[in-house]
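Visitor: I am new to this structure and would love a close look at a single part of it. Could you pick one place and walk me through it slowly?

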Amino acid sequence: MRGMKHALLTASLLAAVLAAPAVTAPPATAATAAKVCAQCVKAHMDHLAGDALRGRRCATEDEHAAARYIESELKKVGARPGFGQGGYLQAVSLSTPTELSPPAVTVSAGSAVLKWAQGGEMIASGESASLSGPVVRITAFDGVKPEFRDAVVFLDAPYNRKTASGLRAAGAKAVVAIAPQPFLDQWSQAAAATRPQIEVLGTGEPKAQPGAPTIMIKPQAAEALRALPAGARLDLAVAQGQPKLQTTYNVVGVIHGSAPNADHDAILLSAHYDHLGVRGGKTFHGADDDASGTSAVLEFARLLGRGPKPRRTVYFALFGCEESGGLGASYFRARPPGALNDLTANLEFEMIGLRDPKHPNELMLTGWDRSNLGPTLAAHGARLGPDYYPEQNFFQRSDNYQLALKGVVAQTVGGWPTPPTYHDASDDLAHIDLAFMDEAIGSMLGPVQWLTNSDFRPAWNPGKKP
Ligand SMILES: [Zn+2]
């Protein structure tokens, strides 16, 4: 699960404080729970969230080692290569803009000059490029004015997302706003999280054009800016270097179904296997996020591979670089094993390693009221319930969203979405409830088996398609 995307930052700044989705499983029935191999689940967790893989950071050798492990486990349980002759691994090329020096701002008005450093007085959002413009000060946005065009608009008030997008739409080159208190409280994390956006190469999708950047400033900087004489100009300098090229992998296995049209009516079970890696000398193991979901998908591959073939084809996809913006999944949706509309439904599994103390008897499905998938699975025995944390936008914060944007009914099953371990170094094996994980997987097995053998085609509810 990714951190919540702040409107102004490319990466999520409040990641450190905000929680991700989780799963709570109700006690599974004895019959289904017995089928889950607790030893297998534990072995996956020990390996993926162990010290050797150092937190599986996006596009690192640690992440690649995790991909090879997942590939060998899919092979072991008899899943076929998801890409046929192409194998299990889908290489995804990433291009990261680099900066030769951090963004810097100079504001000058006559002989008065202000200089702001990134992470010091200001934080410029990740997509920033060099720009220059006259400063136009407003205290509130009460409609488009011609002077906003090509200006740097100084909103002399706490940042407000709506106002900022209104100003961008009015042609502002940049928006300067006072950082609100929660942002100030997380200033250094926000500065660290503000990175240029990574581009996924080869998707054939048009490159997103960066919008006008936002420059968050501290109240003291706002005071100095307010005190300048009229006619101030702001220059934002960003020195860009050669983009850094890296690779991540999606790992995909498949069980081809028995129905004649099985490959055109497939179910996708997915999770992301990357996490945050090593930060500030600490390993972020990502046991819950999302070694737990990865282990669940591997266990589903084992369980579904044992009995008679399902009617529908089932893909097992483990995505790379979810934490950096759903990068693996956004390549997968552009280059799926078959046609994207051959995917009838996608269930992503995220953070099923801890039980939600507030909702101990059910797992959560993000975007519950957006489609009939959750209620239908619940009617077939899933202990699934709504997402009780709508303000967290969990539906948009995992790989399912990349597919949902392209029309696939894609939602995430989770346990406890807001545990204290979320995106913290304490998200390790010692803080995982393995018994709960086994229950969670066991409780979903029957409903997943039903789905893979049914004719049910989930649909978005009216007006709820993202
Ligand atoms: Zn996460």
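Guide: Happy to, and please keep in mind that this is a predicted model. Let us look at two helices that meet, and then follow the chain outwards from there. Helix α2, residues 38-48, packs against α12 at an angle of about 120 degrees, and the axes of α2 and α12 are 10 Å apart. Their crossing is right-handed. On the α2 side, the contact is made by A38, V41, K42 and M45, while α12 brings L434, M437, D438 and I441. If you sort these contact residues by character, six are nonpolar, two are charged and none is polar.

Now stay with α12, which spans residues 434-453, and step back to the loop between β20 (410-414) and this helix, where you will find H423. H423 is one of the residues that hold the zinc ion, giving its NE2 atom. The other protein donors are the O of M1, an OD atom of D289 and two OE atoms of E323. These donors lie 1.7 to 2.5 Å from the zinc ion. Along the sequence, the donor residues follow the spacing M-x287-D-x33-E-x99-H. E323 sits in the loop between β16 (314-319) and α9 (327-334) and H423 in the loop before α12, so this pair ties together parts that are 100 residues apart in sequence. Both E323 and H423 are buried.

For some surroundings, turn to the open sheet of eight strands, in the order β4-β3-β11-β6-β7-β8-β10-β5, with mixed pairing. Its edges are β4 (112-117) and β5 (122-124), each of which pairs on one side only. On average, neighbouring strands here are turned by 25 degrees against each other, ignoring direction. One pair to pick out is β8 (174-178) with β10 (214-217), which run in the parallel sense over four bridges; V175 has T214 of β10 as its bridge partner. Helix α7, residues 219-226, lies across several of the strands, among them β7, to which α7 runs at about 125 degrees.

A good residue to finish on is L234, in strand β11 (residues 233-240). L234 is buried, with a relative accessible area of 0%. Its contacts farther along the chain include V105, W116, V135, V176 and I215. L234 and L114 are 120 residues apart in sequence, yet their C-alpha atoms are 9.2 Å apart in space.

Technical notes: Residues numbered from 1 in each chain as written. Predicted model: local features only at pLDDT ≥ 70, side-chain atom pairs only at ≥ 80, totals over all residues. Heavy atoms only, no water. Donors = N, O, S within 2.8 Å, 3.2 Å for Na, K, Ca; no water. Helix = DSSP H or I, 4+ residues; strand = E, 2+ residues; numbered from the N terminus. Buried < 20%, exposed > 50% of the residue type's maximum accessible area, 1.4 Å probe, protein only. Axes fitted to C-alpha atoms, helices over the stretch in contact; angles between N-to-C directions. Left-handed = near helix turned anticlockwise from the far one by under 90°. Contact = heavy atoms within 4.5 Å. Nonpolar A, V, L, I, M, F, W, Y, C, P; charged D, E, K, R; others polar. Pairing = 2+ DSSP bridges. Lists of a residue's contacts leave out its neighbours within four places in sequence.
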